[in-house]
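This report sets out selected features of one protein structure, taking helices, salt bridges and internal spaces in turn. The sequence and the structure are shown below.

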Amino acid sequence: MQLHRVFTLAFFAPLLLNAADYDLIIRNARIVDGSGKPGFIADVAIANGKIAAIGKLPDAKAAREIDAHEHALAPGFIDVHTHVDGHTPIEKLPAAANYIRDGVTTVIAGNCGGSPTDLAKYFALLEKTHTGPNVASLIGHNSVRRAVMGDANRHATPEEIARMQAIVAKAMQDGAVGFSTGLIYIPGTYSNTAEVVALAREAARFHGVYASHMRNEGARVIEAINEAIQVGREAHMPVEISHFKIDNNLLWGDSEKTIALVEQYRKEGVEVSVDQYPYDRSSTTLATMVPSWVLADGAKAIRERLSTPATRARIADAMRKSNRDRGHEDYSFAMVASCRPDPSIEGKTIPEINLAHGGKPGLDGEIQTILDLLARDPTGTSMIYHTMGMVDVERIMKYPLTAIASDGQAIQEGVGSPHPRAYGTNARVLAEFVRVRHVLTLEDAIRRMTQLPAEKFGFHDRGQIREGAAADLVLFDPEKIQDHATYTQPRQSRAGIDFVIVNGE
């Protein structure tokens with residue numbers, strides 16, 4: 001495992017210039033140490049990027065001091081599911097301010113099967129860039145498969161699997177924390193379970209985690225969980241099920257069954273846990289609205305299919321059935337987050353866009369609008385989908401082995417209408433689900449953001465406030481912390497976070 005940073009954030013002005021015992025002392029803090037145990041009042045001293053002392057330190061001196069006024073001091077939040085290597089990569093937005101301001105001091109990239117394939121080169125770039133948070137990465141199945149097979153819609157040959165295994169093994173040697181899949185996305189969706197197991201075994205040799213965006217999160221979610229567990233079991237490695245959810249309106253409430261299945265597998269000896277973002281809307285590409293076979297072999301092939309009347313009609317039939325099977329009468333649940341070919345439609349729903357462009361009202365017209373957008377740029381439109389129910393969000397959050405994760409990315413100001421999770425995931429948990437709804441205690445919420453993910457991904461010096469640990473810390477007021485980002489106005493800062501400290505800075 002490797003973590004890469006450092007971008008110095010000048011939060012603190014030197015207060016003392018004389019010789020000092022420590023670099024920084026935070027006094028009178030309510031320590032919520034990440035373990036889930038009740039908080040306690042103490043001082044925390046930092047030296048050389050590490051936590052050097054915890055307790056009452058009345059005589060100690062430091063170059064810088066902060067009076068916490070009994071606000072909560074927690075370990076820096078660890079976001080296990082991000083896409084900071086995605087469309088707006090962290091090397092271009094190194095401060096990653098939307099994460100830092102939400103208390104996140106460590107992010108894991110390479111999720112949903114997408115990552116750089118040359119992680120040594122990627123990590124070297126991050127070291128030169130000096131990022132705000134620490135960065136770790138998985139090696140992504142989709143990227144590995146594309147490097148060997150392109151977007152071919154077929155099973156891999158033994159020779160191709162061997163070449164993919166070599167890429168995975170090299171990435172693990174270079175510091176990847178595990179192997180990820182995004183089995184609803186191309187080209188990974190064209191793989192079979194045997195291929196995934198063969199590649200996962202390479203990551204397991206280096207003690208990696210298998211992190212999966214499963215093949216289905218709705219009508220076939222049980223089957224998808226079984227496949228994820230099969231991979232972990234056959235590869236002999238821990239399993240992390242990404243953004244655990246029920247995304248079918250007709251199945252809201254079925255999280256009771258999926259959590260029970262996870263627990264069943266844990267009793268059988270499989271090390272499986274999950275992560276979740278605290279919202280009832282997801283965000284992914286527009287392309288997930290069409291059958292996966294449509295997306296094979298690159299943009300030219302996609303446009304050829306969409307320009308053939310018979311094929312286009314076949315696609316439309318499949319989309320009508322899919323919409324009906326998920327309990328939707330139209331596409332009002334789908335809003336454009338960003339659109340490379342037409343930024344003017346960002347923040348609007350598919351029905352609104354359809355009518356504004358003179359389309360036929362109703363489902364059939366909306367399908368044609370979606371296909372027209374895909375034909376213009378098959379990968380250029382991302383969406384926000386309202387497909388989840390709060391009953392499942394709360395039940396999954398109560399499950400003790402659910403980590404909190406944003407599924408977001410570093411945000412370029414003024415571009416698109418991103419999901420609010422990129423701005424306020426952790427603040428939302430602490431405000432809405434701790435203070436307002438009482439779904440979690442403060443201590444347990446912090447545990448899910450810190451110690452739980454640190455243990456899962458092997459960050460042995462992070463995730464807990466203890467002497468000798470890395471000084472990744474968040475100071476906040478539990479009574480005032482609040483997310484303000486919404487779906488219509490996502491670019492709003494949180495309130496109540498006083499300081500964020502990364503490696504002592």
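## Helix 11 and its surroundings

In this predicted model, the buried residues of helix 11 are Leu363, Gly365, Glu366, Ile367, Thr369, Ile370, Leu371, Leu373 and Leu374. The elements that cover these buried residues include helix 8 (299–307), helix 9, strand 15 (334–339) and helix 10 (350–356).

The length of helix 11 can be checked against the rise of 1.5 Å a residue: its 14 residues should span 20 Å, and the end C-alpha atoms are 20 Å apart, so the two values agree. Asp364, by contrast with the buried residues listed above, is partly exposed, because its relative accessible area of 32% lies between the limits of 20% and 50%.

## Arg320 and its two partners

Arg320 takes part in two salt bridges, one with Asp317 and one with Asp364. In the pair with Asp317, the N to O distance is 2.5 Å. Both residues belong to helix 9 (residues 309–325), where they are three residues apart, or about one turn of the helix.

In the pair with Asp364, the N to O distance is 2.8 Å. Here Arg320 lies in helix 9 and Asp364 in helix 11 (residues 363–376), so the salt bridge ties together parts that are 44 residues apart in sequence. As for accessibility, Arg320 counts as partly exposed at 26%, and Asp317 is likewise partly exposed, with a relative accessible area of 47%.

## Other salt bridges

The count for the model comes to 31 salt bridges. Among them is the pair formed by Lys170 and Asp174, whose closest N and O atoms are 2.7 Å apart. Are the two partners buried or exposed? Lys170 counts as partly exposed because its relative accessibility is 42%, whereas Asp174 counts as buried because its value is 16%, which is under the 20% limit.

A network of salt bridges links Lys50, Asp461, Arg462 and Asp472.

## Helix 6

Helix 6 (residues 221–235) consists of 15 residues and reaches 21 Å from its first C-alpha to its last. This span is close to the 21 Å expected at 1.5 Å a residue. Just after the helix, His236 takes a positive phi of about 60°.

The buried residues of helix 6 are Val221, Ala224, Ile225, Glu227, Ala228, Ile229, Val231, Gly232 and Ala235. Among the elements that cover them are the helices 5 (193–204) and 7 (255–267). Strand 11 (209–213), strand 12 (239–241) and strand 13 (272–276) are also included in this cover.

## Cavities

The model has three cavities of 30 Å³ or more. The largest cavity has a volume of about 70 Å³. Which residues line the largest cavity? They are His243, Phe244, Lys245, Ile246, Gln276, Tyr277, Tyr279, Met388, Gly389, Asp392, Val393 and Ile396. Helix 12 (residues 390–398) gives the largest share of this lining, three residues. By character, the lining of the largest cavity divides into seven nonpolar, three polar and two charged residues.

The second largest cavity holds about 40 Å³ of space. Its lining is made up of Asp79, Asn98, Tyr99, Asp102, Val104, Ser406, Arg421, Ala422, Tyr423, Gly424, Thr425 and Asn426. Helix 1 (97–100) and helix 13 (421–436) are the elements that give two or more residues to this lining, and the largest share, six residues, comes from helix 13. The lining of the second largest cavity comprises four nonpolar, five polar and three charged residues.

## The second largest pocket

About 180 Å³ of space lies in the second largest pocket. Of the 15 residues that line this pocket, Ala97, Asn98, Arg101, Ile411 and Glu413 are the closest to its centre. Asn98 also appears in the lining of the second largest cavity.

The lining of the second largest pocket divides into eight nonpolar, three polar and four charged residues. Arg101 and Glu413, both named among the residues closest to the pocket centre, belong to the charged types.

Definitions and conventions:
Residues are numbered from 1 along each chain as its sequence is written. This is a predicted model: local features need pLDDT of at least 70, side-chain atom pairs count only at pLDDT 80 or more; totals for chains, interfaces and linings use all residues. Side-chain values use heavy atoms; hydrogens and water are left out. A salt bridge is a side-chain nitrogen of Lys or Arg within 4 Å of a carboxyl oxygen of Asp or Glu. Buried means under 20% relative accessible area, exposed over 50%, partly exposed in between (1.4 Å probe, protein chains only). Helices (H or I, at least four residues) and strands (E, at least two) are DSSP runs, numbered from the N terminus. On a 1 Å grid over the protein atoms alone, a cavity is a set of points where a 1.4 Å probe fits but cannot get out, and a pocket is an open set with protein on both sides within 12 Å along at least five of seven lines; lining residues have an atom within 4 Å of a point. Grid points are joined across faces, edges and corners, and a volume is the space filled by probe spheres set on the points. The expected span of a helix is 1.5 Å times one less than its number of residues. Contact means heavy atoms within 4.5 Å.
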